[in-house]
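Here is a note for a colleague who is looking at this entry and would like the packing described point by point.

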Amino acid sequence: MIPSKPEEVVTVDVSQAKTLLQSDHQYLDVRTEEEFRRGHCVAPKILNVPYMLSTPQGRVKNPNFLDQVSSLLSPTDDILVGCQSGARSLNATSELVAAGYKKVRNIGGGYLAWVDQSFPINKEQQQSAN
């Protein structure tokens, strides 16, 4: 018999995620701050804690990710984790589950799938010379 992995990740699609966000779930966007500023999902409770950081050598894992998340969210919170396409959020969700977060789910397809569904997005205002 193969023991079940306690750190198995539950993935929801963006339609399910949109419904869950309207019922008090936290949205944890794990993209870089630059990606977040360019556009993110509209959600009543949204936080941006990058899972990967951009460095001159390329992207590296944020060594403080768990500490930063635990300072903002409780292991008993209902949390949806999203990124650009679903890869970083899958890794981030797996790490959160392993750290004891009980109600955390990955958003399959991420921000790109959200935009594909024409769901509402926020973009930071760009400074323009106009």
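The points below take up the model, its cores, one helix and one annotated span.

1. This is a predicted model, in which local features need pLDDT of at least 70 and side-chain atom pairs count only at pLDDT 80 or more, while totals for chains, interfaces and linings use all residues. Residues are numbered from 1 along each chain as its sequence is written, and side-chain values use heavy atoms, with hydrogens and water left out.

2. The largest nonpolar core (buried Ala, Val, Leu, Ile, Met, Phe, Trp, Tyr and Cys residues joined through side-chain atoms within 4.5 Å; buried means under 20% relative accessible area with a 1.4 Å probe, protein chains only) has 16 residues, and those with the most contacts inside it are Leu28, Val30, Phe65, Val69, Val81 and Leu96. At least two residues each come from α3 (65-72), β7 (79-82) and α4 (87-98), helices and strands being DSSP runs (H or I, at least four residues; E, at least two) numbered from the N terminus; α4 gives the largest share, three residues.

3. A second, separate core has 14 residues, including Val14, Ala43, Ala113 and Trp114.

4. In α1 (residues 14-21), Val14, Ala17, Leu20 and Leu21 are buried. These residues lie on the same side of α1 because they cover an arc of only 115° around the axis, the arc being taken from the directions from the helix axis to the C-beta atoms. Among the elements that cover them are β1 (10-12), β2 (26-29) and α5 (110-116).

5. The UniProt annotation "domain: Rhodanese", from an unreviewed entry, covers residues 21-123; such annotations may be inferred rather than shown by experiment. This span is 33% helix and 26% strand, and its end C-alpha atoms lie 18 Å apart.

Technical notes: Buried < 20%, exposed > 50% of the residue type's maximum accessible area, 1.4 Å probe, protein only. Contact = heavy atoms within 4.5 Å.
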